[in-house]
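Please open the structure in your viewer and keep the selection tool at hand, since this tour moves from one selection to the next.

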Amino acid sequence: MRYLVIFSLLLPSFAQAAIVSYFKYEDGRTNWQYVANFSSSILIILLSLVILGLFIARRRLFKAHRELHAIRDDLEVRVKERTATLNESNTKLLASNEALEQEIAQHILTTKRLMTSEAYITDILTSMPLMLVCLDKNGRITHWNRRTEEVSGISAERALGKSLWEAYPTATVSPDQIQQAIKNQDTVHIKQSLRSMSHFDITIYPLRENSDGGVVLLIDDISKETMAENMLIHNDKMSFMGEMASTMAHDINTPLQGILLDLRSFQRALRANADSDDAQQNAKRAERLDEIANQMSLKGDQVNTIINNLLAFARSRQEKKQMVNMVDVMENTLRLAGDILSVSERLPFHRIKIERHFDENLPLTPCYITEMQQVFLSLLRNACHSLDEKLASEVVTTDSDKPFIPTIKLLLAECYGNLWIKVQHNGKGLSNEEQMYLFEPFFSNQEPERSVDAGQRLSFSYYIITEQHQGHMAVTSDEESGSIFHMQLPLQA
């Protein structure tokens, strides 16, 4: 109808008049048959057009619907992909956030630990009893601890950033020593003494991991330790001197007393000879005087030998050890003992039986000859005293079936790269207490029960073996069967 109305409106008036005349008869009446046919034709045409339009519209609608479905499906796929991407991004973002939170928490924890460690290290450096000074490669102070403040009287605020010699002009460390430690990348040790009153142990070591190439100075005030060490050394020297003086006094006293006794006998014989007129008696007294004079001369020679041995020991200290045959040293000591040792008139050294047990082809041993000779002499002297005490005891004198034979056994052998030396005697043994204090230095202020005669101590011999020769020394003893002194010396210098 819309199209029909439009058609009628667009049709010219003359055409409209022609159409109207077509539907009328000649007499002017309306031919309704034509009108009906024409109208139905028009309606059919219009309906066909409408149907065609609807069909086309339906096709378009179906096509649009399919395109809409395709678009919807594509949108759904895109939405799913975008959703998956967003979910993945969200997951990654959440994971990243969690990792970031964990990393931040770890950084916070690490920062706290670093702050705690830094505070702990700072507290250690500040509170340590040593003077600690840190310098950069230009010699400027980067750390100045509390002990340094106390000793120098200079606060850390005044010292930091300045040169060491600018902040503390009296510093005894020179710039050359600092540069030496930095250049060689090695630790430098310095010991300094100021007017023999203050003693310092200075250690300079470079910082190898620090790019600035600085150094650290550790300054230890060892004045008290040095004074105590010097006092201990002095006491040891005095104890050794007391031990040697007592030993030499014993060695000299016996022949000296014999000389004095012979001198009195000589004087009495002279007075008796002056009062007598009997030629025969005078001849006997003259012979007796000559015998006394010979004994006095022998004893004087013995005193002279003791003094010469002491002087030789005092001036013959060698700087380096000498490779010697220890058998020769032992034999020389035995000959010297025959001239020096005179414990008593009851037991001269030549009456003691000496048993030698020396291995053949012993290697040369590095040692200080005179010191080792004094060790052997001291051991033989100790053995002579023990043998004399046992000889004088009532047990020996009453045992007639087994007469006591004073004996000293000497053993030299090589074992496990060392020289083993044993000096054994069958004299009076040592008690447990005497064995305990035998190798200790003698001091006059010791308790009465420990104040054993200094001449019987072997602390000087123990010092020579253990300190001078890096060996070992021990004693085993039984009060009835005697004592054995064990020594072990390394064969390599």
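## Starting from Met372

Select Met372 and, leaving aside its neighbours within four places in sequence, look for the residues in contact with it, which are Met326, Val329, Cys367, Ile465, His469 and Leu489. Keep in mind throughout that this is a predicted model.

Now widen the view to the largest nonpolar core, which has 45 residues, and in which Met326, Met372, Ile421 and Met487 are those with the most contacts inside the core. The elements that give two or more residues to this core are α10 (326-340), α11, β9, β10, α14, β11 and β12, and the one that gives the most is α11, with 10 residues. Apart from this core lies another, of 23 residues, and to find that one you can select Met131, Leu164, Ala181 and Ile182, which are among its members.

## Along helix α11

Next, select residues 369-392, which make up helix α11; its 24 residues reach 35 Å from the first C-alpha to the last, close to the 34 Å expected at 1.5 Å a residue. Of these 24 residues, 20 are buried, so α11 is largely enclosed by the rest of the structure.

## Across the sheet

Then display the strands β7, β9, β10, β12 and β11, which in that order form an open sheet of 5 strands with mixed pairing. At the edges stand β7 (353-358) and β11 (472-478), each with a single partner strand, so one side of each is left without a neighbour in the sheet. From one strand to the next, the twist averages 15 degrees.

Zoom in on β9 (residues 407-415) and β10 (residues 418-425), which run antiparallel and are joined by 8 bridges; here you can pick out Ala413, which stands opposite Trp420 in β10. Adding helix α14 (residues 459-468) to the selection shows a helix that packs on the sheet, where α14 touches β11 and β12 (482-490) and its direction makes about 135 degrees with that of β11.

## A pair of rings

For the last stop, how many aromatic pairs are there to find? The count comes to 1 aromatic pair, and to see the pair you should select Phe439 and Tyr462, whose ring centres are 5.1 Å apart and whose planes lie at 20 degrees, under the 30 degrees that counts as stacked, so the pair is stacked. Because Phe439 lies in the loop between α13 (432-437) and α14, while Tyr462 lies in helix α14, the pair ties together parts that are 23 residues apart in sequence. Phe439 counts as buried, at 15% relative accessibility, whereas Tyr462 is partly exposed, with a relative accessible area of 31%.

Conventions: Residues are numbered from 1 along each chain as its sequence is written. This is a predicted model: local features need pLDDT of at least 70, side-chain atom pairs count only at pLDDT 80 or more; totals for chains, interfaces and linings use all residues. Side-chain values use heavy atoms; hydrogens and water are left out. Helices (H or I, at least four residues) and strands (E, at least two) are DSSP runs, numbered from the N terminus. The expected span of a helix is 1.5 Å times one less than its number of residues. Buried means under 20% relative accessible area, exposed over 50%, partly exposed in between (1.4 Å probe, protein chains only). Two strands pair if DSSP finds at least two bridges between them. Axes are lines fitted to C-alpha atoms, for helices over the stretch in contact, and angles run from 0 to 180 degrees between N-to-C directions. Contact means heavy atoms within 4.5 Å. Rings of Phe, Tyr and Trp (its six-membered ring) pair if their centres lie within 6.5 Å; planes under 30 degrees apart count as stacked, over 60 as edge-to-face and the rest as tilted. A nonpolar core is a set of buried Ala, Val, Leu, Ile, Met, Phe, Trp, Tyr and Cys residues joined through side-chain atoms within 4.5 Å.
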